[in-house]
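Colleague: Could you walk me through a few local features of this one? I'd like to go piece by piece, with room for follow-ups.

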Amino acid sequence: MYLYNKDRIEQDYKAAKEIYAAYGVDTDRVMEEMKTIPVSIHCWQGDDVVGFENAGGTSSGGIMATGNYPGRARNGDELRQDMDKALSLIPGKHRVNIHAMYAETGGKKVDRDEITVEHFQRWIDWAREKGIGIDFNPTFFAHPLADSGYTLSNPDEKIRKFWIEHAKRSREIAAAIGKALNSPCVNNIWIPDGSKDLPADRITKRQILKEALDEILDKKYDRNFLVDSVESKLFGIGSESYVVGSHEFYMGYVMSRDDVILCLDAGHFHPTETIADKISSILAFKDELLLHVSRGVRWDSDHVVIFNDDTLAIAQEIKRCDAYRKVHIALDFFDASINRITAWVTGTRATLKAIMYSLLEPTHLLVEAEKDGNLGNRLALMEEFKALPFGAVWNKYCAENNVPVGSAWLEEVRKYEEEVLSLRK
Ligand code: RNT
Ligand code: ZN
């Protein structure tokens, strides 16, 4: 059942354009603006955050992809092939977010403190061919030296030095990627460090982490190639009682230096807390911000992002702060229980829908009502705007970008599963 032919899409768009115009919103302009907002699509949805190294760590840092849907990508070629498929179903030009654990070493054992940019050359070549940017993350989990639960905050100097070296190399690699692709590469530091049960000493490890970060971030790189960020967390599996890199810790850290930005992950706060309201607070002090758009269900479960109130609130905040140039939007979810291409495309399209929805909002009318002190109108308008024909503009945008309109992309995924994924045994 495919409802959207070219005429239908055009007719619907024409009607929508008129309605939005009456509210002072130019839908053509919104579609142009959409093209300038990249989303950094994470590679780790494609392989359940496993990576290519088989490093032998027993813990995966308190994060968990559950499910065993067949067809997981097992190497760089498969992962890129799957991402190619996903990207072909997502409108616009985006970025790809990789992790150090996705190094390609040609079968040689190269430990995390030995990686160099050449181990990411295939990613770079692939991205260059597509004309897209890459973002990077050092990997502080799924490794024997992370099994104690402490990496950069580890009081054991030998272990800590190993991770500091890994982080330094990751910055070096990220800067080289940024240079090679001529687009700033965001290098995001997230560490799993924390404790299952109540620690007696919370401060020592935080002091150690602060020093380790200072050492890692000491070397200066060209901002046009590398942007450094740090990601906080509330708790993880096995770090329920204490996380060294908490929100307050990193908030303090980024405020103490102007060359590092904060990463807010939507799943890293108390369940009733949303990250949307934090955006304007941080932008009052910092020029840039990184978001990990995710969806926690009861805990930091990293479910596939959907077009829900939380995702929308994030996009609306960025729009209302006029901050799409300042906020780096990255995705962070991993679901192994459904087709992984479906997961990628659903989550990315949902994020883009939220962005477009926010751009189509007649925000100026809300602000006007607020300035006039007519708070009844402000609320009523917010409610009325929810019924504006946003879907028609979204469909037109997909058609213009040569990706399937409506649910037609599911047929593409079905074919891909039949022809490619089901053969991976
Ligand atoms: C973990 C963090 C982190 C990871 C990725 C794989 O809780 O959210 O961002 O999900 O780096
Ligand atoms: Zn994250």
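Modeller: Let me start with a residue whose surroundings are easy to describe: at 48% relative accessibility, Glu418 counts as partly exposed. Please keep in mind that this is a predicted model.

Colleague: Which residue does Glu418 form a salt bridge with?

Modeller: The partner of Glu418 is Arg414, and their closest N and O atoms are 2.9 Å apart. Both residues lie in helix H14, four residues apart, which is about one turn of the helix.

Colleague: And Arg414, is that buried or exposed, or partly exposed?

Modeller: Arg414 counts as partly exposed, its relative accessibility being 43%.

Colleague: Why would a spacing of four places suit such a pair in a helix?

Modeller: An α-helix has 3.6 residues a turn, so residues three or four places apart point the same way.

Colleague: Which residues are joined into one network by salt bridges that share partners?

Modeller: That network is made of Arg74, Glu78, Asp82 and Arg424. Within it, the side chains of Arg424 and Glu78 meet in a salt bridge with an N to O distance of 3.6 Å. This pair links distant parts of the chain, since Glu78 sits in helix H3 (residues 76-87) and Arg424 in the segment after helix H14 (409-419), 346 residues apart.

Colleague: Are Arg424 and Glu78 buried or exposed?

Modeller: Arg424 is buried, and Glu78 is buried as well.

Colleague: How many salt bridges does the count come to?

Modeller: The count comes to 35 salt bridges. One of them is formed by Lys396 with Glu10, where the closest N and O atoms are 2.9 Å apart. Lys396 belongs to helix H13 (residues 390-400) and Glu10 to helix H1 (residues 6-22), so this pair ties together parts that are 386 residues apart in sequence. As for their surroundings, Lys396 is buried at a relative accessible area of 11%, whereas Glu10 is partly exposed at 34%.

Colleague: Switching to strands: how many of the residues of E9 are buried?

Modeller: Five of the five residues of strand E9 (residues 289-293) are buried, so the strand is largely enclosed by the rest of the structure. Leu289, Leu291 and Val293 point one way from E9, while Leu290 and His292 point the other way, and all are buried.

Colleague: Why do the side chains split between two directions like that?

Modeller: In a regular strand the side chains alternate between the two faces of the sheet.

Colleague: Which strands does E9 pair with?

Modeller: Strand E8 (residues 260-265) pairs with E9 in the parallel sense over three bridges, and Cys263 has Leu290 as its bridge partner in E9. Between these two strands the chain crosses from E8 through helix H8 (residues 276-283) to E9, in a β-α-β crossover that is right-handed. E9 also pairs with strand E12 (residues 327-331), again in the parallel sense, over five bridges, and there Leu290 stands opposite His328.

Colleague: What about helix H11, which residues are buried there?

Modeller: In H11 (residues 363-371), Thr363, Leu366 and Ala369 are buried. They cover an arc of only 125 degrees around the axis, which puts them on the same side of H11.

Colleague: And what covers the buried residues of H11?

Modeller: The cover includes helix H9 (309-320) and helix H12 (375-385). H11 is itself followed by Gly373, which has a positive phi, near 75 degrees.

Colleague: Now the loops. Where does Thr139 lie?

Modeller: Thr139 lies in the loop between strand E3 (134-135) and helix H5 (157-181), and at 0% relative accessibility it counts as buried. The side chain of Thr139 makes a polar contact of 2.7 Å with the side chain of His99. Leaving aside residues up to four places away in sequence, Thr139 touches His99, Ala100, Met101, Arg112, Trp163 and His166.

Colleague: One more: which side chain is in polar contact with that of Asp47?

Modeller: The side chain of Asp47 is joined to that of Tyr102 by a polar contact of 2.5 Å. Asp47 lies in the loop between strand E1 (39-42) and H3, and is buried, with a relative accessible area of 0%. Not counting residues up to four places away in sequence, the residues touched by Asp47 are Arg72, Ala73, Leu79, Tyr102 and Arg340.

Key:
Residues are numbered from 1 along each chain as its sequence is written. Chains are lettered from A and ligands numbered from 1 in the order in which they are written. This is a predicted model: local features need pLDDT of at least 70, side-chain atom pairs count only at pLDDT 80 or more; totals for chains, interfaces and linings use all residues. Side-chain values use heavy atoms; hydrogens and water are left out. A salt bridge is a side-chain nitrogen of Lys or Arg within 4 Å of a carboxyl oxygen of Asp or Glu. Buried means under 20% relative accessible area, exposed over 50%, partly exposed in between (1.4 Å probe, protein chains only). Two strands pair if DSSP finds at least two bridges between them. A crossover is right-handed if, with the strands pointing away from the viewer, the path from the first strand over the helix to the second runs clockwise. The arc is that of the directions from the helix axis to the C-beta atoms. Contact means heavy atoms within 4.5 Å. A polar contact is a pair of N or O atoms within 3.5 Å; within protein, one must be able to donate a hydrogen and the other to accept it, and residues adjacent in sequence count only if both atoms are side-chain atoms.
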